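Hi everyone, thanks for having me. Today I'd like to walk you through one structure, piece by piece. Have a look at it first.

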Amino acid sequence: MTGRIAVITGGGSGIGRATALALGGQGDHVIAADMNAAGAAETVRLVTAAGGAASALTVDVADEASVTAMAAAAEAIGPVAVLVNCAGILQNASRVEDMDLAEHDRVWAVNYRGTYLCCRALGPVMAGRGAGAIVNIGSIAGFEMFPLPAYGPSKAAIHQLTKVLAGDLGARGVRVNAVAPGFVLTEALRARVAAGERDTSVMESQNAIPQIVTPEDIANAIQFLCSDGARAVTGVTLPVDNGWLAGLAYNTYAGNKKN
Ligand SMILES: NC(=O)c1ccc[n+]([C@@H]2O[C@H](COP(=O)([O-])OP(=O)(O)OC[C@H]3O[C@@H](n4cnc5c(N)ncnc54)[C@H](O)[C@@H]3O)[C@@H](O)[C@H]2O)c1
């Protein structure tokens with residue numbers, strides 16, 4: 001499992017950085033590919049400080065030429081065997097009729113088109129060598145209704161793209177899966193909690209397991225889906241949400257909370 005070249009888009013922050021640390025810690029050479037060069041460089045510093053091997057590349061995943069150049073630069077480092085598509089942007093809550101269309105299009109460009117372009121650039125290269133694993137990042141917002149008219153549908157599309165790619169690449173040795181994180185305690189959420197805009201105890205109470213998902217929880221699931229231990233797993237989107245999705249109906253059964 002070790003010694004692979006693993007490209008992680010969005011590797012300069014949050015879930016992508018945690019994934020870089022997890023894969024780097026098991027001996028993979030991780031490539032943090034991010035629009036934020038300073039963030040990617042910091043990830044490289046952290047992975048190498050922990051004894052791992054890492055490189056940084058700058059990319060805008062929404063831009064085809066940029067993705068093509070990133071894929072070529074990654075292959076110049078070594079044969080890419082793992083692609084984790086963590087680059088993504090959130091949106092503010094909005095009604096459909098109030099959604100700013102430019103923001104709508106940007107969310108789709110980064111989240112869906114970015115995932116599509118990176119899979120399209122590196123999937124066939126891995127398939128040509130007969131082996132590889134891709135993990136996309138969906139969301140619980142891709143399963144259920146949230147006031148996020150661009151973000152939620154862009155994540156639902158990623159779930160569906162994951163199935164399409166699994167069918168497309170499976171016979172050529174490449175597995176394609178996704179994880180759907182719940183509300184993750186990243187720096188952005190920590191800042192909102194500190195500002196009094198979010199209450200973690202309320203968030204925890206909505207989960208089957210009353211705790212908050214960490215970036216490391218997501219990285220652990222990604223690590224498994226990229227591993228030989230998951231050799232029979234493809235085309236799935238795995239919720240990593242402390243049972244938030246499973247708890248939706250349970251918590252509201254007959255109008256009552258369970259506790
Ligand atoms: N944090 C959560 O609660 C949560 C929940 C569900 C899903 N997700 C998804 O997980 C993924 C990672 O989120 P995160 O919380 O770690 O966010 P984050 O903001 O910490 O990290 C995202 C990274 O993507 C990079 N990025 C943004 N646009 C880019 C572009 N066009 N090209 C290249 N890089 C770009 C950013 O520079 C940043 O480093 C996203 O797809 C997000 O939608 C997050």
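Let's begin with a pair of helices: at what angle do helix α3 and helix α4 pack? Before I answer, please keep in mind that this is a predicted model. The angle is about 35°, and the two axes are 10 Å apart. To find the pair on your screen, look for residues 64-77 for α3 and residues 101-129 for α4. The crossing of α3 past α4 is right-handed.

Who makes the contact? On the α3 side you'll find Glu-64, Val-67, Met-70, Ala-71 and Glu-75. Facing them from α4 are Arg-113, Leu-117, Cys-118, Ala-121, Leu-122, Val-125 and Arg-129. Sorted by class, this contact has 8 nonpolar residues and 4 charged ones, with no polar residues.

Now for two single residues. Is Thr-43 buried or exposed? Thr-43 sits in helix α2, which covers residues 37-49. Its relative accessibility is 1%, and buried means under 20%, so Thr-43 counts as buried. Leaving out residues up to four places away in sequence, Thr-43 touches Gly-11, Gly-12, Ser-13, Arg-17, Ala-20 and Ala-32.

Compare that with Lys-163, a residue of helix α5, which spans residues 151-169. Lys-163 has a relative accessible area of 49%, and because exposed means over 50%, we call Lys-163 partly exposed. If you'd like a feel for distance, try Lys-163 and Ala-53: they are 110 residues apart along the chain, and their C-alpha atoms are separated by 31 Å.

Next, the empty spaces. How many cavities of 30 Å³ or more are there? The count comes to 1. The largest cavity has a volume of about 40 Å³. Its lining is made up of Gly-182, Phe-183, Met-203, Asn-207, Gln-211, Ile-212, Val-213, Asp-241, Asn-242 and Trp-244. By class, that lining holds 5 nonpolar, 4 polar and 1 charged residue.

Last stop, a pocket. The second largest pocket has a volume of about 190 Å³. It is lined by 13 residues, and the closest to its centre are Arg-4, Ala-131, Gly-132, Cys-226 and Asp-228. Here the classes come out as 5 nonpolar, 4 polar and 4 charged.

That's my tour. Thanks for listening, and do ask me anything!

How values were computed. Residues are numbered from 1 along each chain as its sequence is written. This is a predicted model: local features need pLDDT of at least 70, side-chain atom pairs count only at pLDDT 80 or more; totals for chains, interfaces and linings use all residues. Side-chain values use heavy atoms; hydrogens and water are left out. Axes are lines fitted to C-alpha atoms, for helices over the stretch in contact, and angles run from 0 to 180 degrees between N-to-C directions. Helices (H or I, at least four residues) and strands (E, at least two) are DSSP runs, numbered from the N terminus. A crossing is left-handed if the near helix is turned anticlockwise from the far one by less than a right angle, and right-handed if clockwise. Contact means heavy atoms within 4.5 Å. Ala, Val, Leu, Ile, Met, Phe, Trp, Tyr, Cys and Pro count as nonpolar, Asp, Glu, Lys and Arg as charged, and the others, Gly among them, as polar. On a 1 Å grid over the protein atoms alone, a cavity is a set of points where a 1.4 Å probe fits but cannot get out, and a pocket is an open set with protein on both sides within 12 Å along at least five of seven lines; lining residues have an atom within 4 Å of a point. Grid points are joined across faces, edges and corners, and a volume is the space filled by probe spheres set on the points. Buried means under 20% relative accessible area, exposed over 50%, partly exposed in between (1.4 Å probe, protein chains only).
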